[in-house]
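Here is a short tour for anyone who likes to see how chains meet and how a helix sits in its surroundings. Have a look at the structure first, and then read on.

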There are 2 protein chains.
Amino acid sequence: MSKLVIVGSVAFDAIETPFGKTDKILGGAATYIGLAASQFGVDSAIVSIVGGDFPTEYLDMLKIRGIDLSALEVVKDGKTFFWSGKYHNDMNSRDTLTTELNVLADFEPVIPEHYRDAAVVMLGNLHPLVQLSVIEQMKAPKMIVLDTMNFWMNHTWDELMQVISKVNVMTINDEEARQLTKEYSLVVAAQKIMKMGPEFVVIKKGEHGALLFHKEDIFFAPALPLEEVFDPTGAGDTFAGGFTGYLTKTGDFSFENMKSAIINGSALASFCVEKFGAEKLLELNREALQRRLQQFKNLTQFNIELVSNMP
Amino acid sequence: MSKLVIVGSVAFDAIETPFGKTDKILGGAATYIGLAASQFGVDSAIVSIVGGDFPTEYLDMLKIRGIDLSALEVVKDGKTFFWSGKYHNDMNSRDTLTTELNVLADFEPVIPEHYRDAAVVMLGNLHPLVQLSVIEQMKAPKMIVLDTMNFWMNHTWDELMQVISKVNVMTINDEEARQLTKEYSLVVAAQKIMKMGPEFVVIKKGEHGALLFHKEDIFFAPALPLEEVFDPTGAGDTFAGGFTGYLTKTGDFSFENMKSAIINGSALASFCVEKFGAEKLLELNREALQRRLQQFKNLTQFNIELVSNMP
């Protein structure tokens with residue numbers, strides 16, 4: 001079976017939205033990615049670091065879903081990465097209240113020997129040098145997918161450029177794509193990013209969906225229109241986890257199959273925002289995912305009659 | 001052949017964008033609607049008013065495309081409605097520099113006898129009482145489509161509510177849908193608007209596409225991702241013209257066919273923004289439209305394998 005290596009934070013989050021607030025709950029990019037990818041029953045490993053304060057029950061919740069944690073370092077006398085934030089009323093913007101890197105500050109990822117031959121690598125948002133180190137440890141990955149954010153553009157531009165030059169897929173949100181390329185048009189921005197290295201670029205537009213670019217081709221996946229977004233935390237990482245989980249499971253890296261992967265990622269992200277944190281992902285099953293994929297199909301599929309053939 | 005009645009402004013526009021500026025050029029909601037609908041070779045009439053300053057060549061440009069102008073009143077000693085605006089660098093917002101209503105201030109639409117049996121009525125953005133007067137003159141229209149804007153919500157709420165209660169389809173942009181319903185979620189906003197009367201609601205999100213709502217069903221049409229938006233003026237009206245032109249031509253008002261109509265409207269709008277004003281619509285042909293419809297299909301269509309059937 002093909003394998004998926006997931007690198008990213010495993011963390012505590014405290015979240016406040018107009019609908020309520022949480023204490024410290026399970027969070028982190030690698031957590032969301034792993035939970036989403038586990039829907040496809042792939043052989044995945046999370047490479048990350050936590051402190052001695054990280055509850056065993058959280059580790060068990062990941063293990064029980066088949067996620068290998070042998071490369072999840074536990075620093076007994078350290079503290080787990082902690083983020084807290086508060087969403088504004090429109091749910092499209094948020095203020096970060098706290099960022100405590102803790103053990104993540106000295107994270108040096110080590111890929112276990114039996115995962116160095118993984119087909120797919122998902123590099124969650126982390127310092128570009130950490131991401132580079134992971135790439136160097138892999139034997140012959142078929143697909144390296146990179147996520148990043150504006151912080152690294154502002155502080156570690158050269159290192160980020162190095163990572164970008166070595167990956168197959170870059171996922172990035174619309175504002176960050178504009179910042180990275182200094183282009184307003186997302187079509188032009190994607191073309192510029194492809195020149196930096198990746199053959200595929202995914203531009204995430206939040207509630208407005210996501211665009212997949214490859215050479216001259218473009219595919220668009222909408223976000224599911226929802227009556228209520230309860231908590232957007234982790235939606236982007238869930239999207240990435242569904243995308244890479246699907247690719248790992250199918251082993252097909254064609255543009256056509258990437259479209260299906262994007263739709264699977266969007267479907268899982270649409271679940272993620274329905275409850276606080278990763279709560280909804282933890283109660284999900286394949287039947288519910290299947291029904292949601294059908295909703296995406298109903299939402300987007302249409303017939304065009306040839307105008308020239310019209311009576 | 002089924003007929004389409006188009007009510008709206010026929011005007012002069014002067015436009016400034018980051019790419020350049022125009023003198024007074026052909027503009028107005030009914031103009032864009034008519035030019036878009038004419039792509040489908042339907043029997044349409046524009047009901048509107050202009051001044052003696054409106055050039056004969058503009059009238060000829062509409063007539064030559066099969067648009068009936070017998071209900072386009074020409075006030076010899078009056079001046080044509082004039083709007084001028086300047087777009088900001090992101091092309092998503094604009095400042096209105098001038099609005100001179102002129103002859104439009106006293107517009108009393110009269111539907112010609114041989115168009116009172118039209119199947120489809122497109123009410124372009126105008127005073128709600130003008131829109132109501134048109135509805136009252138029609139015999140038994142199958143589909144009345146309403147466009148409006150925030151100005152009428154602010155100044156003529158009761159009259160607007162009366163119009164909304166009498167139409168089959170309401171098209172409205174996202175911010176205006178939120179203002180009308182005081183709901184942030186577009187899904188909830190659409191549900192509320194449907195309770196006001198229309199069986200169908202189209203929420204236009206500009207560069208983020210459009211949503212079609214009917215009972216519990218939702219359809220999403222993306223905007224075509226473009227390298228460059230040259231001038232957004234008239235895109236919404238072009239969309240409405242493509243939508244109603246397609247419905248008139250096919251005579252099929254099912255939800256399934258509405259999807260195709262929305263895609264046709266989006267395709268025509270994607271042309272409109274490529275040049276100043278209505279310039280691009282004037283040089284368009286069916287083959288170009290056909291190619292663009294195929295682009296929309298490529299952009300949105302995908303296969304989903306049943307996850308449960310995966311190896």
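The notes below go through the symmetry, the interface and one helix.

## Two chains, one axis

Please keep in mind that this is a predicted model. Chain B falls onto chain A after a rotation of 180 degrees, with 0.0 Å of shift along the axis and an RMSD of 0.0 Å. That is how a two-fold axis relates two copies.

## Where the chains meet

Each side brings its share to the contact: 37 residues come from chain B and 37 residues from chain A. On the side of chain B that touches chain A, the elements giving two or more residues are helix H7 (186–196), strand E15 (217–221), helix H9 (255–272) and helix H11 (286–300) of chain B. H11(B) gives the most, with 7 residues. Sorted by class, this side of chain B holds 21 nonpolar, 8 polar and 8 charged residues.

Which surface do the copies use? Of the interface residues of chain B, 100% are also interface residues in chain A, so the copies meet through the same surface.

## A look at helix H3 of chain B

Helix H3 of chain B spans residues 128–137, and its buried residues are Pro128(B), Gln131(B) and Val134(B). These residues lie on the same side of H3(B), because the arc they cover around the axis is only 120 degrees.

What do the buried residues of H3(B) pack against? Their partners in chain B include four strands by name, E1 (3–7), E5 (43–51), E10 (120–123) and E11 (143–147), along with helices H4 (150–155) and H5 (157–164).

Note on methods:
Residues numbered from 1 in each chain as written. Chains lettered and ligands numbered in written order. Predicted model: local features only at pLDDT ≥ 70, side-chain atom pairs only at ≥ 80, totals over all residues. Least-squares fit on C-alpha atoms with pLDDT ≥ 70 in both. Contact = placed C-beta atoms within 7 Å. Nonpolar A, V, L, I, M, F, W, Y, C, P; charged D, E, K, R; others polar. Buried ≥ 20, exposed ≤ 12 C-beta atoms within 10 Å, placed from the backbone. Arc of directions from axis to C-beta.
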